[in-house]
Amino acid sequence: MSTKVIGISESGPSSYQGHPFHNLVLHVEVEDRYTEGKRAEQLKVKYSRLNEIFNLGKSAAEVELLHPKDFVNLVGKSVSVYYDKFRNVDTIIVHPDESDNKSGK
């Protein structure tokens, strides 16, 4: 699924029915045949997976200290999202801006 990130938030750290959770939430634009214009959808990325997904090179403790503002550079970017067999976000590919391609970056 290729989509555009329009916002970022955080859910947790907390627990639900005794299960801890901490997610980075990407708010993305989605087009579908049932919606005129676009609608928003939330993609939850587990904090425990941020290192692998975004290749951060941080320790688990450092990752837990990150905030949505640390990912503000994703807002406005086009991304492709891939899921594992349990429908968890497995991979996110951030596409370069068209302006980056035009300027030779």
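Analyst: A strand here is a DSSP run of E with at least two residues, numbered from the N terminus. In this predicted model, Ile8 lies in strand β1.

User: Why does Ile8 count as buried?

Analyst: The term buried is kept for residues under 20% relative accessible area. Ile8 has a relative accessibility of 19%, so Ile8 counts as buried.

User: Which residues does Ile8 touch, once residues up to four places away in sequence are not counted?

Analyst: With contact taken as heavy atoms within 4.5 Å, Ile8 touches Leu24, Val25, Leu26, His27, Pro68, Phe71, Val72, Leu74 and Val75. Asp90, by comparison, is 82 residues from Ile8 in sequence and 18 Å from Ile8 in space, C-alpha to C-alpha.

User: What makes the pair of Phe54 and Phe71 a tilted one?

Analyst: Rings pair if their centres lie within 6.5 Å, and planes that are neither under 30 degrees nor over 60 degrees apart count as tilted. For Phe54 and Phe71 the centres are 5.7 Å apart and the planes stand at 45°, and the pair is accordingly called tilted. The structure holds 1 aromatic pair, and both Phe54 and Phe71 are buried.

User: Why can this pair be said to tie together parts of the chain?

Analyst: Phe54 lies in helix α1, whereas Phe71 lies in the loop between α2 (60–64) and β4, so the pair ties together parts that are 17 residues apart in sequence. Leaving aside neighbours within four places in sequence, Phe71 is in contact with Ile8, Leu24, Leu50, Phe54, Leu56 and Leu66.

User: Which members of the largest nonpolar core touch the most other members?

Analyst: In this core of 20 residues, those members are Leu24, Leu26, Val45, Leu50, Phe71 and Ile92. At least two residues of the core come from each of β1 (2–16), β2 (19–30), β3 (39–46), α1 (50–54), β4 (78–83) and β5 (89–94), and β2 gives the most, with 4 residues.

User: How do you know that the charged end of Arg87 sits over the ring of Tyr83?

Analyst: For an arginine, CZ must be within 6 Å of the ring centre and within 35 degrees of the ring normal. The charged end of Arg87 is 4.0 Å from the centre of the Tyr83 ring and is assigned as sitting over that ring.

User: Which residues lie nearest the centre of the largest pocket?

Analyst: Of the 13 residues that line this pocket, Lys44, Val45, Arg87, Asn88 and Val89 lie nearest its centre. The largest pocket has a volume of about 220 Å³, and β3 gives the most to its lining, with 6 residues.

Technical notes: Residues numbered from 1 in each chain as written. Predicted model: local features only at pLDDT ≥ 70, side-chain atom pairs only at ≥ 80, totals over all residues. Heavy atoms only, no water. Core = buried A, V, L, I, M, F, W, Y, C linked by side-chain atoms within 4.5 Å. Buried < 20%, exposed > 50% of the residue type's maximum accessible area, 1.4 Å probe, protein only. Phe/Tyr/Trp six-rings, centres within 6.5 Å; stacked < 30°, edge-to-face > 60°. 1 Å grid on protein atoms, 1.4 Å probe; cavity = no way out; pocket = protein on both sides within 12 Å on 5 of 7 lines; lining within 4 Å. Points joined across faces, edges and corners; volume = space filled by probe spheres on them.
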